[in-house]
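Hi,

Here is the structure I promised to pass on. Have a look at it first, and then read my notes below.

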Amino acid sequence: MHGDMTLLQLLAVLFLPGAWGQSSSNRLGVVVEAKNITLPAGSKATLACHSPRMIWTQDRLKDRQRVVHWDLVRSSPEYSVERILDMSPGANQRVYNGFNKGRISVPESAFSDGNFSLIINSVATTDRGVYTCNLHHHYCQIHQSIQIQLNVTKIARKEKRYWDGEKTVFVVLLGSSVALPCVNRRPLWREGLQEDQQQVAHWDFQPPGVRPDRADRLVDLYASGERREYGPLFARNKMSVAEDAFSVGDFSLSISDLAPVDKGLYSCHLHHHYCGLHERRIFRLTVGPPLPPALTAAPRILENDEPEPSTEDVERPRVVNVILPEHRGYFMQQMGYILATFLLLAFIVAAVIVLTRRRKKRGVEYDLRYERGNVISGGEISLESTELKACNQEPLNSDYKNNLLKERDMTKECNKDFDGKLWK
């Protein structure tokens with residue numbers, strides 16, 4: 001088995017180049033905070049590293065951090081939810097219904113082997129419903145649950161177990177016994193582990209130009225109270241971490257009398273192995289020049305033996321204005337607005353020019369048509385007047401008996417000729 005694991009690791013390294021990087025990242029933890037700190041030489045630095053999840057609050061006599069409880073949901077004759085029992089490592093299991101006492105239980109070794117199955121003896125028809133096994137780890141903030149449906153039958157051949165797509169269904173014979181399974185063997189649910197050895201905090205120091213894997217270990221802290229300090233810095237009280245770090249969740253590192261050699265990268269690693277917590281906070285510390293010494297005058301004693309009030313100017317905090325360049329996307333957006341405005345103006349100007357040219361062209365055509373109409377109409381009028389004159393100038397025939405009848409006939413003929421010319 002060991003040989004197989006070695007072969008798998010070798011294949012992962014050969015064919016998955018990111019395997020080493022992922023494993024290293026998981027081992028170091030997730031970076032949840034990164035800061036750049038600049039302080040003058042000779043001052044004191046406090047690198048804050050807090051985590052409420054690392055507070056050690058276990059009570060060995062009554063551990064209420066881990067709890068298991070079973071609930072029953074009935075849909076008939078009416079919908080109801082009932083708490084069957086609950087249990088924690090530091091207390092006996094509690095059965096809520098008197099009818100179920102001695103009949104329903106969970107193994108006493110549940111928190112040792114991870115078996116939280118519910119045992120029901122002498123199954124009754126009232127036991128029908130949906131059971132839920134709930135596991136709560138309040139300290140680790142982990143909550144898990146599983147559902148099992150129990151049906152009761154009076155015919156032995158109908159006993160069976162199947163999966164309905166959402167949960168496991170047990171069909172059990174009336175009066176028999178059944179164990180509804182709920183097993184979780186993760187280490188955080190079982191006793192036998194020294195949880196105080198599973199919580200570790202340590203600080204590393206990486207000088208400039210040194211690779212992360214060659215960083216210096218400063219101190220190791222364990223929830224059991226054990227503390228391992230490396231190097232002379234802690235011995236000289238130049239660096240320190242609070243003694244009650246695991247009681248309050250404060251693992252801040254204090255560095256007094258800063259010197260240029262203290263410049264570098266400091267990392268606070270918090271590991272809660274059985275809860276799966278792995279966090280890392282990084283601080284880049286830069287040591288600047290020391291502050292100028294304050295000007296102090298020789299003390300003078302006044303007549304009333306009262307010290308003279310201090311007239312020294314208090315140094316004001318330095319404010320540095322940082323102008324960040326605008327994002328490239330914002331610049332392109334503004335250019336887009338400007339180009340769109342120019343295109344719209346160009347379109348309006350082109351439309352005005354086209355409409356103006358069309359109006360001028362229509363005016364010229366109208367003038368030409370008007371002049372031609374006048375010429376044609378003038379010719380017709382002259383023609384008509386000439387023709388009328390010709391008709392009127394025809395000599396009268398003395399053969400007609402009555403001149404009035406003659407004039408009427410001549411008028412009709414002239415009108416006919418004139419209408420014919422108009423139609424042509």
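Before the notes, one bit of vocabulary: a residue is called buried when its relative accessible area is under 20%, exposed when it is over 50%, and partly exposed in between. Please also keep in mind that this is a predicted model.

With those cut-offs, M335 is easy to place: its relative accessibility is 34%, so it counts as partly exposed. You'll find M335 in helix α7, which covers residues 328–392. M335 also belongs to a nonpolar patch on the surface, of about 800 Å². The other members of that patch are I338, F342, L344, L345, F347, I348 and V352.

Next, the strands. There is an open sheet of 6 strands with mixed pairing, and its order reads β1-β19-β18-β13-β14-β15. At the edges sit β1 (30–40) and β15 (227–229), each of which pairs on one side only. On average, neighbouring strands in this sheet are turned by 15 degrees against each other, if you ignore direction. Inside the sheet, β18 (residues 264–272) and β19 (residues 277–288) run antiparallel and are joined by 9 bridges. To pick out one pairing by eye, go to L265 and look across to R284 in β19, its bridge partner.

Now for the cysteines. As a reminder, a disulfide is a covalent bond between the sulfur atoms of two cysteines. The count here comes to 2 disulfides.

One of them joins C49 to C268, with 2.1 Å from S to S. This link is left-handed, with -75 degrees about the S-S bond. C49 lies in the loop between β2 (45–47) and β3 (66–74), while C268 is in strand β18, so the pair ties together parts that are 219 residues apart in sequence. That brings us back to the sheet, where β18 is one of the strands. Are C49 and C268 buried or exposed? Both of these cysteines are buried.

Another disulfide joins C133 to C182, again listed at 2.1 Å from S to S. The torsion about its S-S bond is about -65 degrees, so this disulfide is left-handed. C133 lies in strand β8 (residues 129–137) and C182 in the loop between β12 (178–180) and α4 (195–198), so here the parts tied together are 49 residues apart in sequence. C133 has a relative accessible area of 1%, so it is buried. C182 comes out at 5%, and it is therefore buried as well.

Happy browsing!

Terms used. Residues numbered from 1 in each chain as written. Predicted model: local features only at pLDDT ≥ 70, side-chain atom pairs only at ≥ 80, totals over all residues. Heavy atoms only, no water. Patch = residues over 30% accessible without salt bridge, like charges linked within 9 Å, V, L, I, M, F, W, Y side chains within 5 Å. Areas by Shrake-Rupley, 256 points an atom, 1.4 Å probe, with all protein chains shown as cover. Salt bridge = Lys/Arg side-chain N within 4 Å of Asp/Glu carboxyl O. Helix = DSSP H or I, 4+ residues; strand = E, 2+ residues; numbered from the N terminus. Buried < 20%, exposed > 50% of the residue type's maximum accessible area, 1.4 Å probe, protein only. Pairing = 2+ DSSP bridges. Axes fitted to C-alpha atoms, helices over the stretch in contact; angles between N-to-C directions. Disulfide = S-S within 2.5 Å.
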